[in-house]
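Let's take a look at some rings and sulfurs in this one. Have the sequence and the 3D view open as you read.

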Amino acid sequence: MKNTKTIWLGILAAFLLVACSKDFLEYEPEGVLSNENVATAENAEALVVAAYAGIGNDEMVGPLTHMWVYGSVRSDDAYKGGGGRSDVDIIDRYEQYNLTIADDPSDWMGPRTWTNYYKAISRANFALKVINDIPEVDYADKTLRQAELRFLRAHSHFVLKLLFKKIPYITEELTQEEILQVSNEVDNDDLWNTIADDFLFAYNNLPQSQDQVGRADKNAAAAYLAKLRLYQAYEQNETHQVTSINTSRLQEVIDYANDVTGALEPDYGNNFLDGYDNGSESIWAVQFSINDGTTVSRVSFVTGLNSPHGTGLYGCCGFHLASHNMVNAFKTNAAGLPLIDTFNDSNIFNVVDASGKTPLAAGITLDPRIDHTVGIPGRPFKYRNTVNQTGDMIYNFSWARDPGVYGYFGNMKEQQAPDCSCYVKEGPFIGTSKNVDFIRYADVLLFKAEALIQLGQVDQGVTIINEIRTRAANSTQRPIDAGASDVYNIGMYPMGMSKDDAFKALIFERRLEFGMEGPRFFDLVRWGIAEPVLNAYLNVEKTRKDFLSSAKFTAGRDEYYPIPQREIDFTGGDLYKQNPGY
């Protein structure tokens, strides 16, 4: 269990100095102090902590950390869930790819995330303004803190770019008047380089690790540079199609990945359990805490809607449910390898028996990561049979809120057992102090594997994929001890694969490894295959789920969200260019 001994100790002090206003372009932390009279080392430290807090100022309706809406439900991993299509219906529209009017007032979630991220950027910029004015002789950690703040600023712009593509890059040197003149119409490659400049400053000025957990370090900057250069390598045209792959960028991915130190957790499940935060696999994560004397503490509610609904052990609301396609992806053949081309030809689990359980079809073997990722009737949930010997933790059909619409599979990675000391229940909503990882070491390994395969160094890339699979093969004891039937069979890819086959294996491995964590949609867009993959998914899923009958992904539009119309209007109507199709 974490407590307030993390860097969030300074949050209260920081909030005495800063607060939020309504619009990011007008946003400047308010209070009795200005940047002229807070220019002391002590105050600067509090402002840096406030900038970190801005990254974790998350909410269920304008998410900043977990991308379950934007990257999971919007992909083939998951359904929206909840109490039918009208329950938080904007997510239903995202899932249907039915978001064609940029100024539709019913689309509040995307614009709110835009605003929340620019508020976080403004916190970093305000702190930078203050720190820039402090002489180094008065502030020994000046360059260190500048590097941390530029890392935080780059992180926020990076996520905004994944969501909206065309974004204004806001720095501390800009006045309010100058901000109103910054266009979002920037060459795609130039924008990647601008974000990279901040990460490079962090990379060049941060220590390899820091004493206080949660602070950015060189390791995190190297990992983020590997990630950024990987996205940048897949060069897009104005309608988001991948037109070429930049091999020099791929080499940078490998170089930066080689600079990252870390290790895979020995058990895959450790990544999703309280007590393993900031472990060997966590490269950079937003920090949360509990038992700080406030009502609900510094816990995360970003997945507060997503707990199982039909059990008294949790609250509500049954959102973010694994799709049949996602579940079927965990099938393996006799050699323990995924059925990359045929996995979705039939369903693994298709019948619910009288006890509310769904037996596994005969002859099926599974990748063990399924029991770390998906709640399945008849299989233990979160590696438990019971909670304190009083509550049944075997996932049951009755846990599904609206099985007639969304089926009966659940999500597991973002959940904690109800008796966890990390767990807070606020009304019907669930929060936990479990960190949210932005990058873990498995990510870095697969970034490198992808670059190697694309550069023709296939066996080296496949060796890394097999390292990930070996860890998965060693992650069976928890579910078996909890009562899961041992039907696991996971094998290694052979050397000598073709480049095309190895890349298909890489694509599939990323899905299995990060299932329902949020990167899936962004991966598909990066690779330039979102339209064929998602429409093929929908064509089959429509035969299983009526609510998807009209869903269709439109290439050249649905890869990104519309620039919020209110921001276009606020800046005069012609400064920002809208994304195509809206």
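## The 420–422 disulfide

Cys 420 has a relative accessibility of 17%, under the 20% cut-off, so Cys 420 counts as buried. Keep in mind that we're looking at a predicted model here. Its partner is Cys 422, and the S to S distance in this disulfide is 2.3 Å. Cys 422 is buried too, with a relative accessible area of 0%.

What about the handedness of the bond between Cys 420 and Cys 422? The torsion about the S-S bond is about 130°, so this disulfide is right-handed.

## The 316–317 disulfide

The count comes to two disulfides. Besides the Cys 420 to Cys 422 bond, there's one between Cys 316 and Cys 317, with the sulfur atoms 1.6 Å apart. Both ends are tucked away: Cys 316 is buried because its relative accessible area is 11%, and Cys 317 is buried because its value is 6%.

Number the bonded cysteines in sequence order and the pairing reads 1-2, 3-4.

## A ring pair in helix H5

Now for the aromatics. The structure holds 35 aromatic pairs. One of them brings together Trp 114 and Tyr 118, a tilted pair with 5.2 Å centre to centre and 50° between the planes.

Where do Trp 114 and Tyr 118 lie? They both sit in helix H5, which covers residues 109-132, and they are four residues apart, or about one turn of the helix. Trp 114 comes out at 0% relative accessibility, so it counts as buried. Tyr 118, at 1%, counts as buried as well.

## A cluster of rings, and two strands

Ring pairs also link up into a cluster made of Phe 151, Phe 158, Trp 192, Phe 199, Tyr 224, Tyr 231, Trp 284 and Phe 438. Two of those names are worth following into the strands.

Trp 284, a member of the cluster, stands opposite Ile 439 in E14. Strand E4 (residues 282-286) runs antiparallel to E14, and four bridges join them. E14 itself spans residues 436-440 and is mostly covered, with four of its five residues buried.

## Arginines over rings

Which rings have an arginine over the face? Tyr 561 has Arg 74 lying over it, at 4.5 Å from the ring centre. Phe 201 has Arg 150 over its face, and there the distance to the ring centre is 4.4 Å.

Key
Residues are numbered from 1 along each chain as its sequence is written. This is a predicted model: local features need pLDDT of at least 70, side-chain atom pairs count only at pLDDT 80 or more; totals for chains, interfaces and linings use all residues. Side-chain values use heavy atoms; hydrogens and water are left out. Rings of Phe, Tyr and Trp (its six-membered ring) pair if their centres lie within 6.5 Å; planes under 30 degrees apart count as stacked, over 60 as edge-to-face and the rest as tilted. Helices (H or I, at least four residues) and strands (E, at least two) are DSSP runs, numbered from the N terminus. Buried means under 20% relative accessible area, exposed over 50%, partly exposed in between (1.4 Å probe, protein chains only). A charge sits over a ring if NZ of Lys or CZ of Arg is within 6 Å of the ring centre and within 35 degrees of the ring normal. Two strands pair if DSSP finds at least two bridges between them. A disulfide is a pair of cysteine sulfur atoms within 2.5 Å.
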